[in-house]
Amino acid sequence: MANIAQFNSVLFNAWASGKSIAGTKDLVIFNGFWLLNETYMTTRLNIRNMPSINLLQVSNPKSDWGILLDRFYKDRSITIEGHIRAENYEEMQKKIDALKKAIATKQGYFEFKFGESYRRILCTLANSDIISREHYDIDHGKFTLTFRAEKPFWSEKQRGSVLFQGVNDEINGDVFNEGSEYSEPIINILVNSASGANELSIAVGKETIKIAKNLNANDIIDINTEEKTVVINGQPTDFSGKFPKLQAGLNILNLKANGNYNLDVSVLFPKNFL
């Protein structure tokens with residue numbers, strides 16, 4: 001399955017005729033390098049593969065079992081086709097070298113905005129075909145870049161966040177994930193005060209992570225669900241259980257500890273979309 005964004009209906013025609021496209025609100029960026037401007041003109045964006053759903057079981061109206069679905073995600077690839085514009089041979093050499101240098105990092109965030117749709121995804125360069133210095137017209141040359149997505153989701157640049165301040169008892173707080181897919185949050189905890197508190201647990205649904213460690217005033221606890229790490233005051237810390245994910249929609253975050261404590265808890269999470 002593929003989704004194709006065609007940019008050249010207006011922008012490439014304007015660019016080829018020498019008109020300015022600086023006012024366009026569309027953007028294509030890899031790792032901070034712009035691929036949609038008056039020098040590097042993306043004309044075609046091809047995004048392949050979407051999640052698939054397997055039908056494992058079909059319901060029987062005369063029995064008590066129902067439909068069982070299995071959702072999985074295929075590898076996603078993104079191909080960019082475009083042109084490089086230059087005024088002369090020497091400038092073209094510099095533009096080609098600049099593009100090669102930009103993609104030499106191999107991995108980075110790919111971003112694009114077409115109309116009102118903005119998306120961002122972590123990608124690794126899988127293949128590049130940039131016109132050689134000896135084979136291009138004096139004013140433009142072609143390039144094709146293919147990336148492999150490291151995650152199946154696009155995410156918004158602006159992350160969701162929730163803050164619980166002055167927590168001194170067990171909480172069951174609302175965390176609403178506006179994305180269409182699950183999200184792996186970063187949970188930051190500042191210990192304002194603590195006495196006799198040596199076990200902390202955080203749960204969302206059936207997924208619970210536990211940290212068995214004495215809590216002290218001014219401790220900073222960082223729980224990174226995506227990276228699967230727990231760090232206290234900059235030092236990696238042992239934990240047990242499973243890192244909780246945020247499903248699409250409303251989630252109830254449960255946090256509790258023994259002893260006496262006062263905590264500030266922040267939850268930061270990407271809003272993911274297919």
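Colleague: In this predicted model, the side chains of Lys151 and Glu226 meet in a salt bridge; at what N to O distance do they meet?

Modeller: The pair links distant parts of the chain, with Lys151 in the loop between strand 10 and strand 11 and Glu226 in the loop between strand 17 (220-224) and strand 18 (229-232), 75 residues apart. Glu226 has a relative accessible area of 34% and is therefore partly exposed, and Lys151, at 31% relative accessibility, also counts as partly exposed. The N to O distance in the salt bridge of Lys151 and Glu226 is 3.7 Å.

Colleague: Which other glutamate meets the side chain of Lys151 in a salt bridge, at 3.6 Å, and is that residue buried or partly exposed?

Modeller: The partner at 3.6 Å, N to O, is Glu184, which sits in the loop between strand 13 and strand 14 (186-195), 33 residues apart from Lys151. The relative accessibility of Glu184 is 14%, and buried means under 20%, so Glu184 counts as buried.

Colleague: Which residue does Lys242 meet in a salt bridge, and in which strand does that partner lie?

Modeller: The side chain of Lys242 meets that of Glu207 at 3.8 Å, N to O. This pair also links distant parts of the chain, 35 residues apart, with Lys242 in the loop between strand 20 and strand 21. Lys242 counts as partly exposed at 48% relative accessibility, whereas Glu207 counts as buried at 15%. The partner is Glu207, which lies in strand 16.

Colleague: Which residues make up the covered face of strand 16?

Modeller: In a regular strand the side chains alternate between the two faces of the sheet. In strand 16 (residues 207-211), the uncovered face is formed by Thr208 and Lys210. The covered face consists of Glu207, Ile209 and Ile211.

Colleague: What is the bridge partner of Ile209 in strand 20, and what is that of Leu200 in strand 16?

Modeller: Strand 16 and strand 20 run antiparallel and are joined by two bridges, while strand 15 and strand 16 pair in the antiparallel sense over five bridges. Strand 15 and strand 16 also form a hairpin with two residues between them, where Gly205 in the turn has a positive phi of about 65°. The bridge partner of Ile209 is Gly241, and that of Leu200 is Ile211.

Colleague: Which strands stand at the edges of the open sheet of five strands?

Modeller: The strand order is 13-21-15-16-20, with antiparallel pairing. Each edge strand has a single partner strand, so one side of each is left without a neighbour in the sheet. The edge strands are strand 13 (171-177) and strand 20 (240-241).

Colleague: Which residue of strand 21 is the bridge partner of Val204?

Modeller: Strand 15 (residues 200-204) and strand 21 (residues 249-257) pair in the antiparallel sense over five bridges. Strand 21 also holds Ile252, which joins Phe176 and Leu250 in a nonpolar patch on the surface, with about 300 Å² of accessible area together. The bridge partner of Val204 is Leu253.

Colleague: Over which residues is the pLDDT below 50?

Modeller: The protein averages a pLDDT of 81, and 77% of the residues score at least 70. Where pLDDT is low, the predicted coordinates should not be read in detail. The stretch in question has 44 contacts in the model beyond near neighbours in sequence. The pLDDT is below 50 over residues 4-23.

Technical notes:
Residues numbered from 1 in each chain as written. Predicted model: local features only at pLDDT ≥ 70, side-chain atom pairs only at ≥ 80, totals over all residues. Heavy atoms only, no water. Pairing = 2+ DSSP bridges. Helix = DSSP H or I, 4+ residues; strand = E, 2+ residues; numbered from the N terminus. pLDDT = per-residue confidence, 0-100. Contact = heavy atoms within 4.5 Å. Patch = residues over 30% accessible without salt bridge, like charges linked within 9 Å, V, L, I, M, F, W, Y side chains within 5 Å. Areas by Shrake-Rupley, 256 points an atom, 1.4 Å probe, with all protein chains shown as cover. Salt bridge = Lys/Arg side-chain N within 4 Å of Asp/Glu carboxyl O. Buried < 20%, exposed > 50% of the residue type's maximum accessible area, 1.4 Å probe, protein only.
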